[in-house]
Amino acid sequence: MPRKTDGILFELHPRPTKGDDGKPLLYALPVIERKYDLDDIDDFCAKYRHTSKGEIKLLFDLFSDVATMWLRKGYRVETPFGSLAPKLKLLGDHTDPERVTGRDIMYGGIEFIPSKQFVKNADCSGDGFRLQQGSVGSSQTHDPDAMDEALRRSARHGYITIKTFMFFSHLKRKSAQAYLDSLCEGDHPRLHRYREGRTLHYALLQDAPKE
């Protein structure tokens with residue numbers, strides 16, 4: 001069968017769970033070949049959608065100003081793209097609602113729920129999909145010996161970072177973190193994950209810091 005040459009590029013990554021053959025179950029992600037920013041949108045609209053140069057950027061600035069004003073009040077903002085609302089986090093472990101106060105709550109970011117029409121309009125399946133060729137995503141994780149060697153070489157300082165494991169395993173960041181995270185789970189985990197500053201560390205279980 002000839003190789004497909006059009007369609008959306010995708011790559012495969014491992015999930016923490018495994019299939020009947022003992023190998024990680026896979027999931028697909030698009031290969032982002034190009035990113036467009038607000039300048040690109042503004043330039044495109046000025047050239048092809050009859051807007052004035054800078055008009056789209058001004059509209060986005062105005063929308064951001066008004067939307068964040070309402071989000072700061074705890075409101076939901078609905079748009080043709082979808083709806084935005086603040087997310088909250090409950091600090092600590094609680095079982096009694098009567099003991100939870102405002103001091104136990106913190107801002108957790110923004111929730112975005114895309115509208116059905118926006119999702120439909122963005123459907124990218126028209127030209128089909130094709131797998132990116134070469135060593136991609138999860139292929140290396142199917143070789144236990146190679147992964148064990150990458151772990152050993154990554155742990156020279158007593159712990160493993162995602163960046164170091166990426167170098168020795170030749171995995172992309174998402175796959176490297178997913179693989180390390182998978183070794184922290186289950187009845188017999190091999191690694192313990194903890195954070196120092198902004199960096200995740202993975203210690204061999206016998207070397208894990210006490211919490």
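Arginine 130 is partly exposed, with a relative accessible area of 24%. That value falls between the 20% limit for buried and the 50% limit for exposed, so the residue belongs to neither class. The model is predicted. Three topics follow: the setting of arginine 130, an antiparallel sheet of three strands, and the second largest pocket, with a volume of about 260 Å³.

**Arginine 130**

- Arginine 130 lies in strand E6, which covers residues 129-131.
- Its side chain reaches the backbone oxygen of glycine 7, at 3.2 Å.
- That distance is within the 3.5 Å cut-off for a polar contact.
- Phenylalanine 10 is 120 residues away from arginine 130 in sequence.
- In space, the C-alpha atoms of arginine 130 and phenylalanine 10 are 6.2 Å apart.

**The sheet E3-E4-E5**

- Three strands form an open sheet in the order E3-E4-E5, with antiparallel pairing.
- E3 and E5 stand at the edges, and each has a single partner strand, so one side of each lacks a neighbour in the sheet.
- E3 spans residues 77-78 and E4 spans residues 82-90.
- These two strands, E3 and E4, pair in the antiparallel sense over two bridges.
- Three residues separate E3 from E4, and the two strands form a hairpin.
- Within this pairing, valine 77 stands opposite leucine 84 of E4.
- E5 runs over residues 105-114 and pairs with E4 in the antiparallel sense, over eight bridges.
- Leucine 90 has isoleucine 105 of E5 as its bridge partner.
- In a regular strand, side chains alternate between the two faces of the sheet.

**The second largest pocket**

- The second largest pocket has a volume of about 260 Å³.
- Its lining consists of Ile41, Leu59, Phe60, Phe63, Thr79, Phe81, Gly82, Leu84, Phe112 and Phe118.
- Helix H2 (55-71) and strand E4 each supply at least two residues of this lining.
- H2 gives the most to the lining, with three residues.
- By class, the lining has eight nonpolar residues, two polar residues and no charged residues.
- Leu84 links two of the topics: it lines the second largest pocket, and it stands opposite valine 77 in the sheet.

Notes
Residues numbered from 1 in each chain as written. Predicted model: local features only at pLDDT ≥ 70, side-chain atom pairs only at ≥ 80, totals over all residues. Heavy atoms only, no water. Pairing = 2+ DSSP bridges. Helix = DSSP H or I, 4+ residues; strand = E, 2+ residues; numbered from the N terminus. Buried < 20%, exposed > 50% of the residue type's maximum accessible area, 1.4 Å probe, protein only. Polar contact = N/O pair within 3.5 Å; in protein donor to acceptor, adjacent residues only side chain to side chain. 1 Å grid on protein atoms, 1.4 Å probe; cavity = no way out; pocket = protein on both sides within 12 Å on 5 of 7 lines; lining within 4 Å. Points joined across faces, edges and corners; volume = space filled by probe spheres on them. Nonpolar A, V, L, I, M, F, W, Y, C, P; charged D, E, K, R; others polar.
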